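Here is a quick tour of a protein–DNA model, sheet and helices to begin with and the DNA contacts after that. Keep the structure open as you read.

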Number of protein chains: 2
Amino acid sequence: MNISELAQHLGVAVSTVSRVLSGNADKYRISEKTVQRVQKAAEKYRVVPDPLGAGLRKGKLGMIGLLVPDITNPFFSTLARAIELRFRDTGIAVQLCDSAEDPATEIALLNKLLSRRLDGLIVAPVGEVSDELKSAVSNSPMPLVVLDRLLPGVSVPSVSIDNIKAGKLAANHLIESGHKHLGCLRGNCRAISDQERLKGVEEAMREAGLDPATLSIAGTGYTRELSLLSATELLTLSPRPSGIISLSGQGILGILEASRASGLSIPRDFSVIAFDEQPWSALMQPPITTITQPIESMAEKAVFLLNLEGRAKEVTPEVVEATLCRRESVAAVN
Amino acid sequence: MNISELAQHLGVAVSTVSRVLSGNADKYRISEKTVQRVQKAAEKYRVVPDPLGAGLRKGKLGMIGLLVPDITNPFFSTLARAIELRFRDTGIAVQLCDSAEDPATEIALLNKLLSRRLDGLIVAPVGEVSDELKSAVSNSPMPLVVLDRLLPGVSVPSVSIDNIKAGKLAANHLIESGHKHLGCLRGNCRAISDQERLKGVEEAMREAGLDPATLSIAGTGYTRELSLLSATELLTLSPRPSGIISLSGQGILGILEASRASGLSIPRDFSVIAFDEQPWSALMQPPITTITQPIESMAEKAVFLLNLEGRAKEVTPEVVEATLCRRESVAAVN
DNA sequence: TTTACTGGCGCAAACGTTTGTTCTCTTCTA
DNA sequence: TAGAAGAGAACAAACGTTTGCGCCAGTAAA
């Protein structure tokens, strides 16, 4: 039953029912008695205004879009949950899309989302910037905020950590522990975040008087197979880097697998730091030292920037703080 | 620009543009020339029929709902991705909701989803059945399929593993390895799946001549803290169970943490099997033996049952096969 | 008793499609 | 040459809301 049928049943106008059910009763001076009558009936027959009709009329659907590169990655699933939670009370639904770390899929999904009548869009890009992506993002007809892996050269509200700083944080921890020969396992080398983390590592080395040219770098791609391959590459180098940084959250799994396959032991044979805290980080043998991103606060800021109340748009990138979580996967060397 | 503006711009009727853009050109005998002209212009001005208007008219929105208990759980995030992927080509979007393992939230979200004009709904329930949940599910105005944790007594298409059989599978592996004193860490003890897995374990014990009364059981709830607590409880029993089964995917993390805290070593001090394969299962020290659910095939069957083409509804529960993945967390005892 | 005001509610347009029906041309046949 | 047939496209109703405006009755002020 829809509200016009309900109105007919009650012998009142559709508009009256609409006003009552959307909470605008007093704004339009509907008598308390009528309000009660309508509410009772609406409850009884379980009638709720159809979001489609309302959406069409209001030009909004009460729904935002969330595009992530990989919902399977704990970082993004935690983020997704945090974001959805924040919208729950406001009655706004979240439509999730997963671009599977593929730029082409990303563009296609983004365009589809942009053509839907959403209230806003939160995009965590794959990280590879194309002109098409840039123009799609910057010409968005709806509020849009970019999360995590930023799009350089696009003026749009965003929130992420300072990846250079985070890279330095990781490198410095290794350097302070006495490591001189560092290695990096990259995730997606076309992503700015990855590049910046790497840059941070190199800067830290320079500042510590180490030659960035001695940094061993491997890896491209997030799949299990690729990271295993690249990690093996890194571990079979001679001399083997004594301190390794996984620039992505999944990379560490490849490193662990490769380490095991090579019969190496952490942190005896090498130390390791991984980006992104995972549920199992502390439970590995040894517990893994991580660079932790403040997911809750990222979600909060993203939602704030999305700015559904219509306040002025912030285009200053919002930066949140990454922290080092020290565990036993990093050992001091002489 | 919407299609009526485009129509005006081209000097044709809206209906003509609509028919061209929705691929019904020949069905309504639109001349090839007009088709070309409309398509060209639509492409040029990037005009796509508004899903809201279309949805309102057609009574469908081209979107299904997916309700999961915890998107942070790898099992569900993998499932979500698999499902979304299968709908991608058909142009159907997936709206994700996370009930956070909370029955009340689940009801609220379910009702909200049911009142939206969706093409279908896939529900992976928290597992606690209430009359309200039952009636909401069975009175669904749209195609609906239940996934994973079933709702007994509700006649609705469903897909899951045979949890009793899976429980037996786990228990038998331990029993065959010589374990006589078993323990179970439950997830949500009100969920049928949990109860059935437990029943399977007990049956296996009985069949092997073991007294089910000797089975040690602990645990309720999926949070980190709760599973740590319950796992500790299990491990400090005396005598300590020599073979432990985590009935839920997250439980194993609690067991590992408790084991570490108690200075115990797996599988020297006790053996362990966990439900649900996780990305890190094979990378733990020792690699964890798991009961693996065929996620891809569950997604496939769920989508098939959702049956958007309007074929007859299957109400026979679809059962898929769980498998044992043997690793080193189970050792043979004398 | 008239005028002015206001509380309470209904009317109808608009949002952007889709689709059954109707209208207008051509062109072909008798 | 008249009529029919059919191709091509326009018309208009419907989908279910929201919302500006206007109507009516009752009350208070003059």
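In this predicted model, helix α9 of chain A (residues 192-207) lies across β6 (182-185), β7, β8 and β9 of chain A, and runs at about 175° to β6(A). Helix α11 of chain A (residues 251-261) packs on the sheet too, touching β6, β8 and β9 of chain A, with its direction at about 140° to that of β8(A).

What do these helices sit on? The sheet is an open one of six strands in chain A, ordered β7-β6-β8-β9-β10-β12, and its pairing is mixed. At the edges you'll find β7 (216-218) and β12 (323-325) of chain A, each paired on one side only. From one strand to the next, the twist averages 20°. Look at β8 (residues 243-246) and β9 (residues 271-275) of chain A: they run parallel and are joined by four bridges. A:I244 has A:V272 in β9(A) as its bridge partner.

Now for the DNA. Strand C is surrounded by 29 residues, and the closest are A:T16, A:R19, A:T34, B:S18 and B:R57. Of the strand C atoms within 4 Å of the protein, 58% belong to sugar and phosphate. α4(B) gives the largest share of the nearby surface, with five residues. By class, that surface has 11 nonpolar, 10 polar and eight charged residues.

Some polar contacts to DNA strand C:

| Protein atom | DNA strand C atom | Distance |
|---|---|---|
| A:R19, polar side-chain atom | base oxygen | 2.5 Å |
| A:R57, polar backbone atom | base oxygen | 3.2 Å |
| B:S18, polar side-chain atom | phosphate oxygen | 2.3 Å |

Methods:
Residues are numbered from 1 along each chain as its sequence is written. Chains are lettered from A and ligands numbered from 1 in the order in which they are written. This is a predicted model: local features need pLDDT of at least 70, side-chain atom pairs count only at pLDDT 80 or more; totals for chains, interfaces and linings use all residues. Side-chain values use heavy atoms; hydrogens and water are left out. Two strands pair if DSSP finds at least two bridges between them. Helices (H or I, at least four residues) and strands (E, at least two) are DSSP runs, numbered from the N terminus. Axes are lines fitted to C-alpha atoms, for helices over the stretch in contact, and angles run from 0 to 180 degrees between N-to-C directions. Contact means heavy atoms within 4.5 Å. A residue is near a molecule or strand if one of its heavy atoms lies within 4 Å of it. A polar contact is a pair of N or O atoms within 3.5 Å; within protein, one must be able to donate a hydrogen and the other to accept it, and residues adjacent in sequence count only if both atoms are side-chain atoms. Ala, Val, Leu, Ile, Met, Phe, Trp, Tyr, Cys and Pro count as nonpolar, Asp, Glu, Lys and Arg as charged, and the others, Gly among them, as polar.
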